[in-house]
Every structure is written in structure tokens, then in C-alpha cells.
Amino acid sequence: MFETLKNAFKNKDVRKKILITLALLFIYRLGCWIPIPGINPEVYAASNSADGLLGLLNGITGSALENGALFAIGITPYINASIILQLLTVAIPRLQEYQKQGDDGKRKITQITRYITIALAVAQATGVTISYARSGAISNTVFGPMDQTWLISIFVATIMVMGSMLTMWLGERITDYGIGNGISMLIFVGIIASAGLGIIASFQAAFGGNETAIWELIGFVIMVVAVFMLIVFVDSAERRVPVQYAKQIKGRKQYGGQSTFIPIKVNASGVMPIIFATALITFPQMIAQLVAPNSGFYIWWSTWIGAGSWIYSILVALLILFFSYFYAQIEFNPEDISRNIQQYGGFINGIRPGKPTTEYLARISKRLTLFGAIFLAFIALVPSVIFAAVLNNSTLVNAFSATGMLIVVSVALEFDKQLQSQLMMKQYKGFLK
């Protein structure tokens with residue numbers, strides 16, 4: 001990766017895209033520290049420092065939620081809107097048609113995603129504002145004579161929605177004018193920023209004469225490196241199914257007669273099954289916490305199905321298994337691949353074209369999906385439990401959660417691939433000139 005960055009800065013066009021990306025990311029991080037008038041972040045941080053759900057959201061937004069900043073809800077509504085639209089695409093034929101229409105269909109899907117994002121941003125901003133008001137963080141000191149809490153709350157929620165829309169715009173500009181994958185880059189920067197704050201706090205405790213903090217930090221670094229190596233290994237693992245194309249003679253030319261392969265990744269769905277599973281199982285608890293935190297339902301759910309309970313672990317593992325197979329069906333269609341192979345005169349050695357090839361590819365996909373789902377369930381549960389048991393730093397635990405680590409590794413690898421592809425395109429252009 002370092003060699004790729006070195007070569008990228010030598011190329012004028014690629015260097016310009018990298019600088020644009022860094023400038024837009026700087027604007028995003030600046031928005032994570034600009035406070036919203038009407039919020040006292042110290043009161044909110046003190047009352048919600050040990051909260052698991054809000055702590056996870058705070059880790060993804062780069063501490064913007066804790067700071068009561070302009071980008072307090074960040075890119076989360078856009079992510080949820082994208083997930084909802086992917087689920088709806090399976091059930092709504094019109095959305096499936098949009099996916100097959102190329103750039104025009106992509107623009108329509110993007111526009112629908114924006115509308116859903118606005119609706120989710122309003123809902124999430126309302127919930128977070130209620131949480132601010134309940135903790136006593138809504139303050140009228142900056143508004144002078146205006147002391148109506150409900151009016152200040154409406155102002156705060158409106159600013160949060162506007163900040164979420166601006167975050168979405170920054171991500172799209174990074175995709176269009178920067179290196180690419182703007183939304184993923186914003187999430188990546190937020191997680192890295194939260195992790196950096198936690199690491200700084202750990203170093204301060206370690207070098208402040210706390211021997212326990214020193215050993216905790218050393219053990220934490222070793223575990224993080226081991227988990228990162230495991231994630232990179234599985235993320236790069238794939239099953240290559242060899243395909244042989246028969247020779248065809250058309251006129252005076254000969255076509256085919258070459259061998260290739262179909263790459264089927266072990267973890268093709270990436271982090272999506274974990275996001276789906278955790279979002280589904282924590283949604284009732286989050287709604288109850290924002291609306292009625294002292295209700296019997298919230299207390300019962302937090303005790304028996306809340307994060308850390310054995311029922312929660314079992315349900316998350318089962319949901320990850322289910323969503324892994326669900327996402328695999330969307331990403332990999334054995335019937336279409338089998339039809340394309342047969343159409344171009346290809347075949348898999350020892351397997352007849354047509355239905356036998358479809359069944360063979362489906363069987364391989366199901367087996368790999370099972371191993372990928374087991375890996376995701378392990379990553380989602382085991383490291384987080386170990387980190388929580390070893391560390392007393394909640395910021396580090398939230399930043400280096402399963403979702404956070406998978407996103408960091410996936411985005412870093414994808415960023416390296418994007419740079420390599422940009423450099424390769426520039427080399428081809430120079431060769432043609």
C-alpha cells in the first residue's frame with residue numbers, strides 16, 4: 001500500500017484526486033467538532049458515557065454525537081437508507097428494472113436513496129434531540145430571552161438533518177471528484193478518529209504511572225493486530241472455479257480455447273450481515289430508550305436481550321447466518337453465471353452445462369457462505385467480549401468493535417485497489433498517446 005501511495009503522488013492527476021479527497025475529509029472532520037447552538041455537550045457526555053448503543057453511534061461518527069456537533073448523526077441515515085433499498089430491491093420488480101438500466105437506473109436509485117435518507121435523518125435527529133433534552137443537554141443560554149425548550153429542540157433537530165444532508169453531499173463529491181467510495185471513506189475516518197482519541201487516552205494513562213494501563217495497552221495492541229490479520233486473510237480468500245472455453249471457428253478466425261476461472265469470495269457480503277443483524281436486534285431497545293427509558297419493556301429487553309447477554313449473542317449469530325445467505329443470493333446468481341458460461345461456449349471440467357453447472361456453483365456458494373457466516377459471527381462476538389473484559393476504555397472498545405474493524409480493513413483494501421486502478425488507467429493513457 002505504501003508503494004502505491006508513493007507512485008500515486010508522482011502522478012499529477014491522481015495526486016489532485018487524493019488532495020481533493022483529503023480536503024473534503026478535513027471539512028467533514030471540522031463539522032464533527034463545530035457545536036450546534038443550544039446543546040451543552042459536557043452534560044450529554046457525562047450522562048451517556050456508559051451507554052452501549054449511543055456509544056456505538058458516537059464511535060462511527062467520530063465523537064460528533066458526544067460533541068453535539070453539526071454532523072452528530074453523520075452518514076448513518078444514508079447507510080440505513082441504502083440497506084433498506086437493497087432489501088426492497090428483492091421484493092419490488094420496478095427497482096430490479098432500475099438496476100438493469102445502467103447509468104439512468106443508477107441515478108433513479110440514488111435519488112430514491114436520498115429521499116429515504118431525508119426521512120430517516122428526520123426520525124433519527126428527533127430521537128437524538130429527545131435524548132439530549134432528557135439528559136439536560138438542551139440549553140437556552142445562547143439564545144438569550146428565548147427559553148422555550150421545544151423550540152430550541154426543533155432548531156437542534158433541523159440543524160442535525162441539514163448536517164446529515166451535507167455529509168451525504170461530501171461523500172458523493174469524494175466519489176465523483178476524489179479517489180472514490182466517498183461514503184465508506186467518511187465512515188473510515190470517523191472510526192479512525194474515535195480510535196485515535198481512545199489510544200491517546202490509553203497512552204496518557206499508561207505513561208502516567210499506571211502499570212495496569214500499560215499491560216492493558218500492550219495486550220490490546222497484540223489482539224488488534226491478530227484480529228486485523230485474520231480479517232485480511234479471510235477477506236482475501238476466494239475459491240476459483242476453473243472454466244474452459246471451447247475453440248470456435250467463425251469465418252477465418254478462431255475464438256475461445258482458453259482457460260479462466262470464476263472467483264467466489266469466502267466473505268463476499270463483507271460487513272453487511274453484521275450491520276443488518278445488529279441494527280435489527282438493537283432497534284427495539286433504541287426506540288424504547290429514546291421514548292421511554294424507564295419503562296418495563298426497556299428494562300426487560302436490556303436485561304435479557306441487551307448487548308452482552310447470552311440470548312443476544314445467540315440471536316446475533318443466527319441473524320448473521322440468515323443475512324449472509326440473503327446477501328449471497330443478491331450478489332451471486334448461479335443461474336445467470338451458468339447461462340453466460342454456456343452462451344459463450346464454456347464449461348466446467350467434469351460438469352455438464354446447464355442445470356448441473358447451476359447446481360454445482362450454488363453448492364460451492366452455499367458452502368463458502370457458511371464458512372463466511374461463521375467467521376462473521378466469531379468476529380462479531382468474540383473480540384468485542386475480550387476487549388470489553390480487558391479494557392476499561394469504552395472509547396477504544398466502541399471504536400474497535402467488530403463492525404468498526406471490518407469496515408477499516410475493507411475500506412483500506414478497497415482504497416488501495418482504487419489507487420492501483422487509477423494508476424493503471426493513467427499508464428494506459430500515456431501508452432496510447
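This report walks through a helix pair, two buried residues and the salt bridges of a predicted model.

## Where H8 meets H9

Let's start with two helices, H8 (residues 103–135) and H9 (residues 149–177), which pack at an angle of about 145°. Their axes lie 8 Å apart, and the crossing is right-handed.

On the H8 side, the residues in contact include Thr110, Arg114, Ile118, Ala121, Val122 and Tyr132. Among their counterparts in H9 are Ser153, Val156, Met160, Val161, Met165 and Glu172. Sorted by character, the residues of this contact comprise twelve nonpolar, five polar and two charged.

## Two buried residues

Asp235 belongs to helix H11 (residues 211–236). It is a buried residue without a salt bridge. Its nearest side chain of opposite charge is that of Lys265, 4.7 Å away; because a salt bridge needs the nitrogen within 4 Å of a carboxyl oxygen, this pair is not counted as one. Leaving aside residues up to four places away in sequence, Asp235 touches Lys265, Ser410 and Leu413.

Thr357 sits in helix H16 (residues 355–390). With a relative accessible area of 3%, Thr357 is buried. Again not counting residues up to four places away in sequence, Thr357 is in touch with Ser338, Ile348, Ile351 and Arg352.

## Salt bridges within helices

Side chains of opposite charge can pair when their charged atoms come close. The model has seven salt bridges, and a few deserve a visit.

In helix H7 (residues 93–99), Glu97 and Arg94 are three residues apart, so about one helical turn separates them. Their side chains meet in a salt bridge of 3.9 Å, N to O. Glu97 is partly exposed, at a relative accessible area of 43%.

Helix H9, already met above, holds another pair: Asp176 and Arg173 are three residues apart there, and so about one helical turn separates them too. Their salt bridge is 2.7 Å, N to O. How buried or exposed are the partners, Asp176 and Arg173? Asp176 is partly exposed with a relative accessible area of 48%, whereas Arg173 is buried at 18%.

## Further pairings

Glu238 forms a salt bridge with Arg240, and their closest N and O atoms are 2.9 Å apart. Glu238 counts as partly exposed, with 32% relative accessibility.

Which residues are linked in a network of salt bridges? They are Glu335, Asp336 and Arg339.

Technical notes: Residues numbered from 1 in each chain as written. Predicted model: local features only at pLDDT ≥ 70, side-chain atom pairs only at ≥ 80, totals over all residues. Heavy atoms only, no water. Axes fitted to C-alpha atoms, helices over the stretch in contact; angles between N-to-C directions. Helix = DSSP H or I, 4+ residues; strand = E, 2+ residues; numbered from the N terminus. Left-handed = near helix turned anticlockwise from the far one by under 90°. Contact = heavy atoms within 4.5 Å. Nonpolar A, V, L, I, M, F, W, Y, C, P; charged D, E, K, R; others polar. Buried < 20%, exposed > 50% of the residue type's maximum accessible area, 1.4 Å probe, protein only. Lys, Arg positive; Asp, Glu negative; His and termini not counted.
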